[in-house]
Amino acid sequence: MTTQTVWRKPPFIKSPAVRWVFYIAVAAYVIGTIATLPIDWERTAQGLTRAQRIFSGAFPPSFERSGLLISGFMESLKIAILATTLGMILSVPLAFMAARNISPKPVYLLGRGTFILARSFHPVIVAIIFVKAVGFGPLAGALTLTVYSIGFVAKLLAERIEEIDFGQVEAMRSVGASFFSTMVYAILPQIMPRLVGLGIYQLDSNLRASAVVGIVGAGGIGATLANAFGRYDYDFALAITMVIVGAILISEAVSGMIRKRMT
Amino acid sequence: MTQTLTHEWARFTPVQRMKRYVALMAVTLVVVWALGSIDVIWEWVWDAPIQLVDLFARMVPPDPTNLPSILEATWQTINIATIATMIAVVLSLPVAYISAQNTTPNVVCLWIGRFILVSSRSVNTIIWALLFVAIFGPGIIAGIIAIMFRSIGFLGKLLGEAIEEIDHAPIEALEACGASRFKVVMYGIVPQVMPAFFAISILRWDINLRESTVLGLVGAGGIGIILQGAIDTFQWQEVSMVLLTILALVIAGEVISSTMRKKLL
Amino acid sequence: MLEIKNLVKRYGKGAPVLKDLNLSVEGEQLMSIIGSSGAGKSTLLRCVNRLVEPTSGSITLNGTDFTTLGPKELRRARRRVGMVFQSFNLVDRLSVMENVQSGRLGYISTWAAVTRRYPAEDIERAFELMERVGIAQYADKRADELSGGERQRVGVVRALMQRPEILLADEPTASLDPKTSEQIMSLLRDLARELNLPVIINIHNVTEAKEYSDRIVGMRYGRIIFDDKPAALDAAQMDEIYAGTPSEDRQEMGAIA
């Protein structure tokens, strides 16, 4: 008997034809796209000198107009708080609507459709629409982040409701409780911890997002940043960015700590 | 039965109740403070629903005359997301390697890695885009680099965590065979983090697809440019067409990424 | 010939786990090390290929002193010591062949390792050994699809691929059922004969140790207190090795372990 002296690792895609077609397709896509991207090479080539100018203009960061910075940041905070509150209030009924185990089919589809729609659009797009509808300023920001909160909180809350122990609901129904007291006694206690956790998480995440939606005019520190950029105040822009990053790190740490202590 | 009437029952002990009241009060106070001091014109707030309905009315029906250029911009958006994800995946590998506690060569590397992760993650894509538009001028390259910069932090962090969770036993066996560091990584670590690697990359691609749709609003290429143009010229029916396209794109992205996840893992 | 002289191992600042230990192993014998948990068996084995760094003393394998080697020389030296583990320590997501070939990682080029283009003689030897232990048909299966006994056979083949001068086995049968564990023990004994290879086994099961070993070493608190042929191990000495455990309990332990 002769023993084998050749061994090859079995390829991930068994059929060689399919494998090569796949490789060639990927390579063609990558090369094709990179080659046909409408890139203005001349403009890009100037990038380095431009970057140097920007960075030398940005250092040292300027905190001279810290009043503007603080008021922008406080506005972001208020937007985040209000949007979180409103978002949570709206998310609870929506989540009940979108839970398969307690809602009739049409209501379920309506609820689910609402937050799929809310999730699909990036907050910046939502913001730009709201800015056009209700004008520049924190109101557009708060509305945007409310939509953003609904998309996230309602979805996760609905999933939590679908996971509940349904026996408790049956028990309440069997003692003749009304629909509303069934909700309060059998479902709310089961989803309450998740609701509070989501609220804290969402506050953190709204604070981040409020820095961004401001760039398209929806108030808060993002608006301050966009203005600084627009007027080539790169030193002030750097100061703002540093404050945003610091605030995000702090809020992430705080929300993480609270959620850890709660569970 | 009558005895039970003498029993008092309350859901919470007094201390518990106090804590709950204090927490509730604090939350209410904060909300009232925010509501009271925020700089909005309240007439506008009451007016907002009417304005929204009005805007929506101007959007229907969507106007498809510009569809070819919208679709072209959509294709560009997909390319920005895909190319940027590919490059970011490659660049995030060494970052993940040096910022995972069990593979980092030394403490200096660990801190460099963590610094890269934190700075990349804390700055939003749009802010990165703002910066790169200022550097490279408006266009696709600023968009790709912005998405890339944000993705490195995300990918590197999650991949680093995956590396930290691997089973150490096979590593010990490979070391006992006299394998070099690089070979240990290739045979012991790479196969173990492979599933996480694919899952994280696909997830980030899905996120990047959404983020690419807004890059145009700060001038960094893709469908956002058309959206911005239509909004600026008040062509609301074209705006709604663009929004529908974005919706289709995002949903398609979600479907593709979930099928890929199922296929690969 | 493996010669261990005055070996001391101390973790941190605590009491030493190995206390001035001397041991020499030569020829194709199968030697079992027995002793209760915490006696230092596993530390002793890991000191030999320096998976655990010894505190002081010397370990010499066929003329090479392992304790003084630099990182690169240590890798070369480790190729000469095969090791089999209690929990097999295979890379689950790699195929059996890749796991087996990983025993050659100390020899082959990085390029060959990454592209999986192993030298023809390595592949031949892998198939020979896999056939010898009865797992050749699984070459392209993923390691986590195999049963415990089959996985340990992969572990043994991986160690033998190194063409080791000595084979260390750290409780190779502790994760296996009694029948498979006997199969693995007799496999190790036969391989020691066929390949002219000294084998050192850490083992909890005294009955198995007596049945398959040529020599038994008993350890207690980091010292060797028994070193002789299996037949010489009597109840009194067992009591000393497993002090604190009454002999009846121990026999039961031996039977079920």
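**Exercise 1. Locate B:P61 and state the geometry of the peptide bond that leads into it.**

Solution. Start with the place. B:P61 sits in the loop between α2 (42–59) and α3 (67–99) of chain B. Helices here are DSSP runs of H or I with at least four residues, strands are E runs of at least two, and both are numbered from the N terminus. Next, the bond. From B:V60 to B:P61 the peptide bond is cis, with omega near -10°.

Ground rules: this is a predicted model, where local features need pLDDT of at least 70, side-chain atom pairs count only at pLDDT 80 or more, and totals for chains, interfaces and linings use all residues. Residues are numbered from 1 along each chain as its sequence is written, chains are lettered from A and ligands numbered from 1 in the order in which they are written, and side-chain values use heavy atoms, with hydrogens and water left out.

**Exercise 2. B:F234 and C:R116 have a positive phi. Place each one and decide: buried or exposed?**

Solution. Take B:F234. Its phi is about 55°, although it is not a glycine. The residue lies in the loop between α9 (223–232) and α10 (236–264) of chain B. Its relative accessibility is 55%, so B:F234 counts as exposed. The cut-offs are under 20% relative accessible area for buried, over 50% for exposed and partly exposed in between, with a 1.4 Å probe and protein chains only.

Now C:R116. Its phi is about 65°, and it is not a glycine either. The loop between α4 (110–115) and α5 (120–133) of chain C holds C:R116. With a relative accessible area of 11%, C:R116 is buried.

**Exercise 3. Describe the end-to-end distance and helix content of residues 78–98 and 126–149 of chain B.**

Solution. Begin with the record. An unreviewed UniProt entry lists both spans under "transmembrane region", among others in chain B. UniProt positions follow the numbering used here, feature names are shortened, and annotations may be inferred rather than shown by experiment. Residues 78–98 are 100% helix and 0% strand, with end C-alpha atoms 31 Å apart. Residues 126–149 are 88% helix and 0% strand, and their end C-alpha atoms lie 11 Å apart.

**Exercise 4. Which element gives the most to the lining of the largest cavity?**

Solution. α9(A) does, with four residues. The elements that give two or more are α4 (66–97), α9 (179–213) and α11 (234–262) of chain A. A cavity is a set of points on a 1 Å grid over the protein atoms alone where a 1.4 Å probe fits but cannot get out; lining residues have an atom within 4 Å of a point.
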